[in-house]
Amino acid sequence: SGLTSTNYSITFSNGTLSVTSYALVVSADNKSRTYGAANPTLTGSLTGVVAGDNITASFSTVADTNSPVGAYSIVASLNDPNNRLGNYSVTSSNGTLSVVPAELVVVANDASRVYGQTNPVFSASYTGFVNGEDASVLGGELNFSTTASVNSPVGTYPIEVSGVTSTNYSITFSNGTLSVTSYALVVSADNKSRTYGSVNPTLTGSLTGVVAGDNITASYSTVADTNSPVGTYSIVTSLN
């Protein structure tokens, strides 16, 4: 309106201004954590908010500390206290929270036995359980092995452990040590007597502690002979 003319009869006709939706894009970032850990801070991006419109984004997931290993959606939510979202065309992209296995170490406990005995019952210790869990959550059974047998000589031998499995734990197995210690072997010579000029009596004694299959015997000797004067003489043991 507002134009005038003596030569024209002016008619005014209105037009239309179309205000279209503004593109609003919200995207959740991908995250990862180990099983049993708290969720990391969930973040993302929000682009396209017009100045003065108090629109913000928040991010959430259904995964909690006890959620098993796997992938979980991170969902974006928009907060619009001033009811401005009707003016936007919203594109939303979820992120992914990857829950990966926690580290679990299984260690064969050290053990010992004496030479000639059978191996003891082996056991293991665990480091790394989360959520108050224990070995009952693992699959399979512990298996132990060692190269030491009953007749293995005194020394140290590895105790190997394996067998248990889990989807929520990445398991590392660590060897223990079996110490084979000396067996108590006792040899004693018996006391003897004779008269001067006589031959020595049969020298005897006792040998205890020989492991079955070990062909160890004892013999006894003395420096005294028929001509040795009256006195005392040691009877010495020797092992064969």
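In this predicted model, a convenient place to begin is T41, which sits in the loop joining β2 (31-34) to β3 (44-47). With a relative accessible area of 64%, T41 is exposed, because that value lies over the 50% cut-off. Its C-alpha lies 13 Å from that of D64, a residue 23 positions away in sequence.

D64 itself belongs to the loop between β4 and β5, and its relative accessible area of 41% makes D64 partly exposed. When residues up to four places away in sequence are set aside, D64 touches R33 and N39. From D64 one can also step to V99, which is 35 residues away along the chain, with 9.9 Å separating the two C-alpha atoms.

From these loops the path leads inward. The largest nonpolar core comprises 29 residues, and those with the most contacts inside it are F59, I74, L97, I159, Y169 and L178. At least two residues of this core come from each of β1, β5 (70-79), β7 (95-100), β8 (102-108), β12 (155-162) and β14 (176-181), and β8 gives the most, with 4 residues. As a general background to such an arrangement, nonpolar side chains in soluble globular proteins tend to be buried together.

The surroundings of L178 can be followed residue by residue. Apart from its neighbours within four places in sequence, L178 is in contact with A111, S112, R113, N119, P120, F122, T146, A148, G155, T156, Y157 and I159. I159, the last residue in that list of contacts, also appears with L178 among the core residues that have the most contacts inside the core.

Y169, another of the residues with the most contacts inside the core, opens a second theme, that of the aromatic rings. The model holds 5 aromatic pairs by the distance rule applied here. One of them joins Y35 and Y169 in an edge-to-face arrangement, with 5.6 Å from centre to centre and 85° between the planes. Because Y35 lies in the loop between β2 and β3 while Y169 lies in strand β13 (residues 169-174), the pair ties together parts that are 134 residues apart in sequence. Both partners are classed as buried, since Y35 has a relative accessible area of 4% and Y169 one of 3%.

A further pair, formed by Y126 and F129, is tilted, with 5.4 Å between the ring centres and 45° between the planes. Here the partners are partly exposed, Y126 having a relative accessible area of 26% and F129 one of 22%. These two pairs do not stand apart from one another, for ring pairs link Y35, Y126, F129 and Y169 into a cluster.

Charged side chains offer another kind of link between parts of the chain. The count of salt bridges comes to 1, and it is formed by the side chains of R84 and D53, with 2.4 Å from N to O. The pair links distant parts of the chain, 31 residues apart, with R84 in the loop between β5 and β6 and D53 in the loop between β3 and β4 (56-60). The partners fall in separate accessibility classes: R84 is partly exposed, with a relative accessible area of 33%, whereas D53 is buried, with a relative accessible area of 12%.

The loop between β5 and β6 (88-93) also contains N83, which leads to a point about backbone geometry. Most residues other than glycine have a negative phi. N83, however, has a positive phi near 55°, and its relative accessibility of 66% counts as exposed. A positive phi, near 60°, is also found at N131, which lies in the loop between β10 (124-127) and β11 (143-145). N131 is partly exposed, with a relative accessible area of 31%.

The walk ends at the surface, where L3, Y8, I10 and F12 make a nonpolar patch of about 470 Å². Within this patch, F12 can be placed in the segment before β1 (22-28). F12 has a relative accessibility of 45% and therefore counts as partly exposed, as the value lies between the 20% and 50% cut-offs.

How values were computed: Residues are numbered from 1 along each chain as its sequence is written. This is a predicted model: local features need pLDDT of at least 70, side-chain atom pairs count only at pLDDT 80 or more; totals for chains, interfaces and linings use all residues. Side-chain values use heavy atoms; hydrogens and water are left out. Patches are made of residues with over 30% relative accessible area and no salt bridge: like charges are joined within 9 Å, nonpolar side chains (Val, Leu, Ile, Met, Phe, Trp, Tyr) within 5 Å. Accessible areas come from the Shrake-Rupley method with a 1.4 Å probe; for residues, only the protein chains shown count as cover. A salt bridge is a side-chain nitrogen of Lys or Arg within 4 Å of a carboxyl oxygen of Asp or Glu. Buried means under 20% relative accessible area, exposed over 50%, partly exposed in between (1.4 Å probe, protein chains only). A nonpolar core is a set of buried Ala, Val, Leu, Ile, Met, Phe, Trp, Tyr and Cys residues joined through side-chain atoms within 4.5 Å. Contact means heavy atoms within 4.5 Å. Rings of Phe, Tyr and Trp (its six-membered ring) pair if their centres lie within 6.5 Å; planes under 30 degrees apart count as stacked, over 60 as edge-to-face and the rest as tilted.
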